[in-house]
Amino acid sequence: MGDEPVSVTFEPQGRSVTVRPGTTVREAAARAGVFLDYPCGGQGTCGKCRIRLARGSGTHSSAERNLLTERERSEGIRLACQCAVENTL
């Protein structure tokens, strides 16, 4: 993973933010002013912060493997609190 900042765009709002690789989508959303629901406080235990990546998928965390079906994972569904930005999303 490089150290160059990457852009994350949230749809349908069309809001973009530039963050460093390794930043969670949760953190990027907060910086962009996009509200996502985190009933578990971002601990990866409730599965309520499901998002769909437009491209890429990265490595799923153990929490995502437990909370998401194989089909969801293959369709680019991630948990915003567990998904780290690796490249432009």
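# Exercises on a predicted model: core, hairpin, pocket and loops

The largest nonpolar core has 21 residues, and Phe10, Val17, Val19 and Val25 have the most contacts inside it. The elements giving two or more residues to this core are β1, β2, α1 (25–32) and β4 (77–79). A nonpolar core here is a set of buried Ala, Val, Leu, Ile, Met, Phe, Trp, Tyr and Cys residues joined through side-chain atoms within 4.5 Å. Helices (H or I, at least four residues) and strands (E, at least two) are DSSP runs numbered from the N terminus.

This is a predicted model, in which local features need pLDDT of at least 70 and side-chain atom pairs count only at pLDDT 80 or more, while totals for chains, interfaces and linings use all residues. Residues are numbered from 1 along each chain as its sequence is written, and side-chain values use heavy atoms, with hydrogens and water left out.

## Exercise 1. Phe10 and the core

Task: state which element gives the largest share of the largest nonpolar core, then place Phe10 and decide whether Phe10 is buried or exposed.

Solution.
1. The largest share of the core, 4 residues, comes from α1.
2. Phe10 is part of strand β1.
3. Buried means under 20% relative accessible area, exposed over 50%, and partly exposed in between (1.4 Å probe, protein chains only).
4. Phe10 has 10% relative accessibility and therefore counts as buried.
5. Not counting residues up to four places away in sequence, Phe10 touches Arg15, Val17, Val25, Ala28, Ala29, Ala32 and Val34. Contact means heavy atoms within 4.5 Å.
6. Phe10 and Cys83 are 73 residues apart in sequence, and their C-alpha atoms are 14 Å apart in space.

## Exercise 2. The β1–β2 hairpin

Task: sort the residues of β1 by face, then describe how β1 pairs with β2.

Solution.
1. In a regular strand the side chains alternate between the two faces of the sheet.
2. Strand β1 (residues 6–10) has Val6, Val8 and Phe10 on its covered face, and Ser7 and Thr9 on the uncovered one.
3. Strand β2 (residues 15–19) pairs with β1 in the antiparallel sense over 5 bridges. Two strands pair if DSSP finds at least two bridges between them.
4. Across the pairing, Thr9 stands opposite Ser16 and Phe10 stands opposite Arg15.
5. The hairpin has 4 residues between the strands, and Gly14 takes a positive phi near 75 degrees.
6. Gln13 is in the loop between β1 and β2. Its relative accessible area is 43%, so Gln13 is partly exposed.

## Exercise 3. The largest pocket

Task: give the volume of the largest pocket and describe its lining.

Solution.
1. On a 1 Å grid over the protein atoms alone, a pocket is an open set of points where a 1.4 Å probe fits, with protein on both sides within 12 Å along at least five of seven lines; lining residues have an atom within 4 Å of a point.
2. The volume is about 290 Å³. A volume is the space filled by probe spheres set on the points, which are joined across faces, edges and corners.
3. The lining has 15 residues, of which Thr9, Phe10, Glu11, Ile51 and Arg52 lie nearest the centre of the pocket.
4. At least two lining residues come from each of β1 and β3 (50–52), and the largest share, 3 residues, comes from β1.
5. The lining divides into 10 nonpolar, 2 polar and 3 charged residues. Ala, Val, Leu, Ile, Met, Phe, Trp, Tyr, Cys and Pro count as nonpolar, Asp, Glu, Lys and Arg as charged, and the others, Gly among them, as polar.

## Exercise 4. Buried loop residues

Task: locate Thr24, His60 and Ser61, and list the contacts of each beyond four places in sequence.

Solution.
1. Thr24 lies in the loop between β2 and α1. Its relative accessible area is 18%, so Thr24 is buried.
2. Thr24 is in contact with Ala80, Cys81, Cys83 and Ala84.
3. His60 lies in the loop between β3 and α2 and is buried, with a relative accessible area of 14%.
4. His60 touches Arg65, Arg73, Ile77 and Arg78.
5. Ser61 lies in the loop between β3 and α2 (62–67) and counts as buried at 16% relative accessibility.
6. Ser61 touches Arg78 and Gln82.
7. The C-alpha atoms of Ser61 and Ala84 are 9.8 Å apart, while those of Gln13 and Ser61 are separated by 27 Å.
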